[in-house]
Each structure stands twice: as C-alpha cells, then as structure tokens.
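This briefing introduces the structure shown here to a reader who has not met it before. It begins with a term needed for reading one helix and then turns to grouped points.

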Amino acid sequence: MPSDLKTLTSLRFFAAFWVFLFHLRSRENFEPSWFLDFVSNGARGVDFFFILSGFVILHVYDGEFSPRRFLTKRFARIYPLHAVVTLLFIAVAVMGANPVEGVWQSTFLLHAFSTTHGLVLNGPSWTLSAEMFAYLLFALIPFRQTWVIALACVVTFVGAHILSLSVGKTAFIHMTWDYGAFRIVPLFLLGMLLRRLTPHVSEPFAAAAGIVGLVLLGWVGTMQNAGYAILAPFVMLIVSGARLSNSKIVTNRKVLVYLGEISYSIYMVHIFLIAIFFDYLPKFGIPTPHWFVISIALLAASSVSYHLIEVPARRWINSHIR
C-alpha cells in the first residue's frame, strides 16, 4: 500500500466542503433537488473524517512511538488555528455586546463531553474535542492486535448507540456537543481496522469498491436523516482511496491534494466566513454574493490561514516542544 495517501488527502477536501455546504444551506435558498438532499446530509462529512482519522493515525503510528511526542504533534496540528478562530468569535461577540459562552470548554477542548448547553463559539470545533479524546486513547491504550481493534469497534459502537438513545438521538452519529466525544471512538476504531485490512485488498477490487462507494453515497447521501447506512460508502471510498493513491486517477492530482491539505482550514473558518457574508457585510450595505462566490472566498481564506497560521504554528511547536 502506498505510504503517501494522496487520494485520501483529496477526499478530505470533499468531506470538508460537504460540511460547509450543510451549514450554508440554512442561509442560502437552494432549489429543491438531489443536490439539496445531498447537502442536507453534509453533517455526515464529520463521520467520514473520524473514520479517516483512525485510518491515517494507525498508518503513520503503527509500531513503537512516543506517546508524548505523538500528542504534541497532534496538538500542534489542530490547536493553533482553533485558538485563532475562537478568539475571532469571542472578539465579534464582545464588540456586538453579545453573551460569550463556552470559552473555557473550547479552550480546554472539553466541549464534546456535554459540558455546554449547545454548540458554542466556532460550532464545528466540538470535533477537535472528540479528536483529542481519540488521540489520548490511541496513545495510552497500547493494544494493536487486529482482533482487539475489531472487538473494541463492535463494543464501542453498541455502547455509543445506547448512549445516543439515552440523550434522545436515533444514532450516535447525531451526537455533537452532547457526548460527541463518544461518537468518534467506534468510527476511529473502524478506521484503524480498515488500515489493517486494506493491504490485503487488490487494486482491481479497490477500484470496483470506489465506483460502488460513489454510487452508494449518491443514493444513501440523499436519504432524509441518513443513518448508519452512510458508513458503508465511506468504508468503500477509504479502502479504495488508500489502495489507489499511486494510480493515475483524478484524486491524485496536485490541485485536489492541495485542497485536501487545506481542508482543516476550510472546516475551521467556514462558519466565521458565512457569518461575515450573511450577518456583517449586509450591515454596511454590501449584499450577500452568490454561494459560488462565497465558496471561492472560503478556499482563498483557507489557503491563507493554512500558510500563515497552520503550518508556521505547527512547525514552531514541533521544534520547541520535544
């Protein structure tokens, strides 16, 4: 299996953009269509990220590693941009004389453990709380046998589902601030399991799985409140993407790989950018542009934040904290 998972990097962009469109749909008047139905399930892009995270982490850290160094690198990867965007939301709230809630929970990444009364500040950042929880478990629990991963995946899947029912959800993939930290665990483990199984998949089979996965995603992804069935095409696309990352397919082209590299910025800044275009600029007589223009602005802003915040901060932390 390729060491450089180019296609999986590209798929991160599509997942992040799906989440962006999901949040944009409540502000934009999309015409009723297959596209709108698909966008309405954009929150499932988070579940794709969670599975992919487990896959990539095991891909990189399968073997002996320093838990301290691992956690430092993961912190350096996600926290600097989170801190900057959180400060922006706090500043805007203060300037508008609006109440500021969830500051300490966001600061200490505890806002996926039902410590708030809803999404706070940069709403999507609850997933960072969940990610750090998964990273801690990965660093502190040394068991890596395939059968242990599979068993843990099943047990935590059932446990998370029962928890979701107790808080009024129909599935754990709908938990966010209300125990969303437990939403990631079975999905992260699923990703780890896929990493163990993928090397045994042939490239022709992977190509077929990718095609079936795309078709299945186009079908299940338009269902109203798509449930656990959405995980099936995610599994197929991740396995396919991992095996075909050295092939001559469109998702291995540099432009898509680059968009995947800035996908974290896309995910982190899109809510703030939506607020700017829909809530603040109209106050100055600037009309809200077409959603396509907003999308281009998001890509530009994400590229800037990636190069000016993400990369420099990550390098500085990794070079100073060992």
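The expected span of a helix is 1.5 Å times one less than its number of residues. In this predicted model, that rule can be applied to helix H10, which covers residues 231-243. The 13 residues of H10 should span 18 Å, and its end C-alpha atoms lie 19 Å apart, which agrees.

**Helix H10 and its surroundings**
- Of the 13 residues of H10, 10 are buried, so this helix is largely enclosed by the rest of the structure.
- The buried residues of H10 include Leu231, Pro233, Phe234, Leu237 and Ile238, and among them are also Val239, Ser240, Gly241, Ala242 and Arg243.
- These buried residues pack against helix H1 (6-24), helix H3 (45-61), helix H7 (146-166), helix H8 (181-197) and helix H9 (203-220).

**Overall fold**
- The protein chain contains 13 helices and 0 strands.
- Its radius of gyration is 19 Å, close to the 20 Å that the globule rule gives for 322 residues, so the chain is as compact as a globular protein of that length.
- Taken along the principal axes, the C-alpha atoms of the protein chain fill a box of roughly 60 × 45 × 45 Å.

**Interior and contacts**
- Buried residues make up 52% of the 322 residues in the protein chain.
- Among contacts between residues at least 6 apart in sequence, 76% join residues at least 24 apart.

**Surface and charge**
- The accessible surface of the protein chain comes to about 15300 Å², and 68% of that belongs to carbon and sulfur atoms.
- The protein chain carries 23 positive and 14 negative side chains, with the centres of the two sets 9 Å apart.

Notes. Residues numbered from 1 in each chain as written. Predicted model: local features only at pLDDT ≥ 70, side-chain atom pairs only at ≥ 80, totals over all residues. Heavy atoms only, no water. Helix = DSSP H or I, 4+ residues; strand = E, 2+ residues; numbered from the N terminus. Rg over C-alpha atoms; globule rule 2.2 N^0.38 Å. Buried < 20%, exposed > 50% of the residue type's maximum accessible area, 1.4 Å probe, protein only. Contact = heavy atoms within 4.5 Å. Areas by Shrake-Rupley, 256 points an atom, 1.4 Å probe, with all protein chains shown as cover. Lys, Arg positive; Asp, Glu negative; His and termini not counted. Charge placed at Lys NZ, Arg CZ, Asp CG, Glu CD.
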